[in-house]
Structures are given as C-alpha cells and as structure tokens.
Amino acid sequence: MKRSGRGLAIATTVAAMAVSLAACGGSGSSGTSADGKVTLHVQAWKGGGAEPANVAEINKAFEAAHPDIKVDFEYITANDTYVQKLQPELLGGKAGDVIMVDTDKMKKWGASGYLADLSGESWASAIAPDAKPFAQADGKTLAMPMELIGIGLYANMDLLKKAGVTEVPADWPTFLADLAKVKKAGINPIALPDKSGWTGSSVFQASGSTLVYNKNKQWDADFLAGKTSFDPDWKGPLEQLKTLEDKGYVNWKNELGVDEWAQGPQDFSAGKSAFWYQGAWQVSNVKKAGFPVSFAPWPGGDAGTKPNSMLFAGTMWGVNSQSQHGDAAREYVKFWSQSENLAKYLDAEHAESPFTGGTTPESAETTAFTTAFKDGRYRILPSNSWYAAAAETDTGSKIQAYLLGQASAAQTLKDIQTAASAK
C-alpha cells in the first residue's frame with residue numbers, strides 16, 4: 001500500500017553490519033537524564049501533518065502513566081521520505097527506540113537484525129489469528145499491529161440524494177444503476193485517480209475480495225500452493241474496471257493523470273464526484289468538508305449478495321534492537337496494545353482492532369464497512385505473501401496498460417500472476 005512507504009532494498013552486507021551494531025547496542029537519539037528520567041525517541045509516519053491520528057493524546061497519556069519516561073516523538077512524512085531517513089539511521093545505530101513499520105518494513109528490517117523479538121510480550125498472544133502473520137517473520141513476533149484498516153468506496157450522500165439514490169449500493173448491478181442515475185443528474189459519477197497505479201490495483205483487489213473469495217475463502221493459500229490462478233479466477237474484477245469506462249462513468253486516460261494522494265482527496269472533499277475510492281484513513285479529513293459521507297465495501301458481487309470488506313494490515317510498532325532503553329520501549333508498545341489506548345488511534349483512523357476482543361470504534365460514516373467486518377465478511381490483503389510491495393506496484397502498472405488498451409485481459413492476468421509468483 002503506497003501510503004506506507006515501500007520500496008526499500010537491503011543488501012546482505014547491510015544485514016551483517018546491523019547484527020554487529022545490535023551487539024554493540026546504543027541508539028544515539030535517546031538518553032537518560034541525571035534524575036534517571038528516560039527520554040524515549042519514537043519515529044513514525046503518522047501522528048503529524050494531515051494525519052495526527054490522536055498520537056499526541058496517546059503519548060501524553062503514556063507519559064502520565066509513566067512519569068519516569070519522556071516521549072520524544074518525531075513525525076516523518078510517509079512513503080520514500082520515511083525509508084530514506086530511517087535506513088541510514090538504523091545502519092548507523094541512531095534510529096529511534098520505537099519505530100513505526102508495516103509488514104514489508106518489518107520483514108526487511110527484521111531480517112537485517114534491526115528489530116527486537118517481541119514474541120514474549122503479554123499482548124503478542126492476543127493478536128487475532130488472521131492478523132498475526134502480518135506481524136511475524138520466521139515464527140517471531142517483531143511488531144505490534146496497531147490496526148486493520150479498510151480500503152473501500154466513499155459516497156457523497158448529498159450528491160446521491162440529488163440523483164434519487166438514498167443508500168450506498170451493496171452489489172454490482174445496483175452500483176451500475178446508481179452510477180447511471182448520478183450521471184443523468186449531471187453529476188460526475190465516480191473518481192478513481194490512478195497516477196501511481198495504486199487505485200486500479202486496489203479496486204481490482206477489492207472487487208476480488210467479494211467475487212473471488214466468496215467462491216474460495218482459501219484462494220491465497222491455494223495460489224501459493226499452485227492450485228489456483230488469476231486466469232480465469234480474477235477475470236471478473238478486471239472486467240469491472242473496464243466496464244466503468246465502457247458505460248461512460250470513468251475516463252481512465254484522464255484518471256491516470258490524477259494523483260491519488262493529493263489531488264484525489266482534495267477533489268472529493270470539494271464535492272466533484274458522487275463516489276470515490278480510498279482508504280478509511282481519509283474519513284476524518286473528508287468529514288471536514290461538511291457533507292454526509294459513507295464509507296463502504298466495494299460493491300462487486302452479484303445481484304442480491306453482500307460485499308466483503310477489504311482490509312490492510314497497516315501500521316505497527318517495532319522496537320529497535322539497538323535501543324539503550326529496550327525496557328521503556330517495550331513498555332511504550334505494551335501501552336499502545338491496551339484497548340482503551342489503542343481505541344483512540346483506531347477512532348481517528350476509522351480502523352478495526354487487530355486484537356481478539358479488541359475495541360473497534362464505530363461511526364456513522366463507516367457503519368456499512370464495520371458491519372461487514374463484524375459479520376466476518378472481510379479479507380485482509382496478503383501483503384505478507386504474494387501481494388507484497390513489488391507485486392502491488394507491478395499489478396498497478398499492468399492494470400494501467402490494460403485500461404489504456406495496451407494489453408488484453410488474458411495477457412494482463414498472466415502478467416499479474418507472474419508478478420505475484422515472484423513475491
């Protein structure tokens with residue numbers, strides 16, 4: 001998922017150096033004052049900018065509960081900026097005591113010896129079974145999952161009302177009918193900005209989360225075992241993307257020139273389309289626009305069926321193996337794992353709890369999505385296996401070529417299978 005900042009390559013020589021540094025110990029960015037108070041350096045790509053996510057509030061509560069620990073929080077913008085900053089700091093032993101990771105970073109930095117083994121922590125056994133694989137590598141829990149965050153369909157309910165649509169569609173035929181009504185009312189039906197290839201790839205996955213997984217909930221495991229393939233299983237999700245243009249609801253040539261992360265959110269918040277596709281982390285910002293909004297699963301199924309929510313194993317906390325304050329760092333992570341604290345972050349993110357029995361906040365905007373999750377109608381993107389960073393990027397570019405008429409559906413599915421098989 002692009003917002004998390006993928007694209008990091010770590011060489012074997014770097015891994016060896018990291019293990020050596022870990023043996024020496026010593027994060028250069030934290031310390032202990034004369035009165036024994038520990039300063040804990042925490043680095044993250046959330047908690048500032050456009051996504052404060054209640055991080056400051058949680059940090060304040062942690063300090064109140066642990067008066068001997070001061071949190072030195074450093075917000076770093078997402079994507080490549082975060083990786084470019086932390087990679088040399090980790091190599092030089094100067095990264096934070098606690099660092100934010102996603103599954104991709106956890107695996108790569110963990111393999112290089114940068115992350116402490118947290119398997120023995122009290123919260124580790126409480127991670128939900130289907131969330132646990134995303135926080136583990138080689139059988140060790142290397143990070144504390146903070147959220148399972150949804151990606152789905154946004155609807156401007158004011159614009160839908162003008163077109164005579166009173167609720168968000170739940171299946172594909174109804175969705176197409178509603179798009180037709182919206183277009184007839186002179187409203188731009190749907191925005192799917194796809195400059196980096198993320199939206200096309202993600203909608204493809206969201207559609208498949210219902211069309212493919214309702215037929216075979218074990219599709220991921222079967223694919224890894226060589227028992228399934230993208231052609232023909234994923235032909236339907238691919239064709240849905242093309243159908244949107246064939247019916248005049250999307251102009252893919254235009255959409256491929258619009259940035260998903262800046263212009264896309266701005267345009268939807270400005271009321272320029274009835275529907276839009278993005279992650280639940282945007283709900284708080286969209287609400288500021290003042291119109292009623294609904295966030296729901298992609299309505300990709302047959303008439304009369306209920307859609308599955310698609311979730312991403314998002315942000316996680318890892319403990320720097322080189323930290324001089326490992327105990328304080330572990331205490332910080334433990335504090336975040338507690339439902340009453342994590343709920344504040346989940347509420348801001350409009351995300352689901354990754355813990356068994358964890359508290360998942362509810363809101364009027366996300367009722368449709370959260371209901372599907374609580375009903376067990378959901379799928380977590382396999383970012384820990386065949387849909388890791390490289391495959392996600394390749395899938396996006398292959399789908400862009402298909403939407404521009406540069407490749408057939410059969411060739412596109414073949415290319416996606418090649419990318420996923422490379423994992």
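The largest pocket in this predicted model is lined by 19 residues. Nearest its centre lie Asp130, Lys217, Asp220, Arg379 and Ile380. Two elements each give two or more residues to this lining: helix α8, residues 219-224, and strand β14, residues 378-380. The pocket has a volume of about 500 Å³. Its lining is mixed in class, with eight nonpolar, six polar and five charged residues.

Turn next to helix α6, which runs over residues 172-184. At 1.5 Å a residue, its 13 residues should span 18 Å. The end C-alpha atoms are 18 Å apart, so the length agrees with expectation. Which residues of α6 are buried? They are Trp172, Phe175, Leu176, Asp178, Leu179 and Val182. Seen down the axis of α6, these buried residues fall within an arc of 165°, so they line one face of the helix. A general rule helps here. An α-helix has 3.6 residues a turn, so residues three or four places apart point the same way.

What does that buried set pack against? The partners are strands β8 (148-156), β9 (190-191) and β10 (275-279), together with helices α5 (157-162) and α10 (235-246). Just after α6 comes Gly186, with a positive phi of about 80°.

Strand β8 is worth following further. Asn156 is found in this strand. Its relative accessibility is 2%, and under 20% counts as buried, so Asn156 is buried. Leaving aside residues up to four places away in sequence, Asn156 touches Phe268, Gly271, Ser273, Ala274, Phe291 and Pro292.

Strand β8 also meets another helix. The buried residues of α15 pack against β8, and also against α2 (55-65), β4 (98-101), α13 (283-287) and α14 (326-337). Helix α15 covers residues 339-349. Its buried residues are Asn341, Leu342, Ala343, Tyr345, Leu346, Ala348 and Glu349. Just after α15, His350 takes a positive phi of about 55°.

Now to helix α7, residues 198-211, where Thr199 has its place. Is Thr199 buried or exposed? Thr199 is buried, because its relative accessible area is 0%. Beyond residues up to four places away in sequence, Thr199 touches Leu192, Pro193, Asp194, Glu260 and Tyr277. Met310 is 111 residues from Thr199 along the chain, yet their C-alpha atoms are separated by 13 Å.

The loops come next. Pro307 lies in the loop between β11 (293-296) and β12 (309-313). Being in a loop does not leave Pro307 open: at 8% relative accessibility, this residue counts as buried. Pro307 touches Ala170, Thr210, Pro297, Trp298, Pro299, Ala372 and Arg377, again not counting residues up to four places away in sequence. From Pro307 to Asn251 the C-alpha distance is 25 Å, with their positions 56 residues apart in sequence.

The loop between β5 (136-137) and β6 (140-141) holds Asp138. Gly139 is in that loop as well. At 81% relative accessibility, Asp138 counts as exposed. Gly139 counts as exposed too, at 65%. The C-alpha atoms of Gly139 and Ser119 are 8.8 Å apart, and the two residues are 20 residues apart in sequence.

Some backbone angles deserve a look. Most residues other than glycine have a negative phi, and most peptide bonds are trans. Asp138 is not a glycine, but its phi is positive, at about 55°. Ala53 also has a positive phi, near 55°. Ala53 is found in the loop between β2 (38-44) and α2. Where does Ala53 stand, buried or exposed? With a relative accessible area of 7%, Ala53 is buried, whereas Asp138 is exposed.

The last stop is a peptide bond. Asp231 and Pro232 are joined by a cis bond, with omega of about 20°. Pro232 sits in helix α9, residues 230-233.

Methods:
Residues numbered from 1 in each chain as written. Predicted model: local features only at pLDDT ≥ 70, side-chain atom pairs only at ≥ 80, totals over all residues. Heavy atoms only, no water. 1 Å grid on protein atoms, 1.4 Å probe; cavity = no way out; pocket = protein on both sides within 12 Å on 5 of 7 lines; lining within 4 Å. Points joined across faces, edges and corners; volume = space filled by probe spheres on them. Helix = DSSP H or I, 4+ residues; strand = E, 2+ residues; numbered from the N terminus. Nonpolar A, V, L, I, M, F, W, Y, C, P; charged D, E, K, R; others polar. Buried < 20%, exposed > 50% of the residue type's maximum accessible area, 1.4 Å probe, protein only. Contact = heavy atoms within 4.5 Å. Expected span 1.5 Å × (residues − 1). Arc of directions from axis to C-beta.
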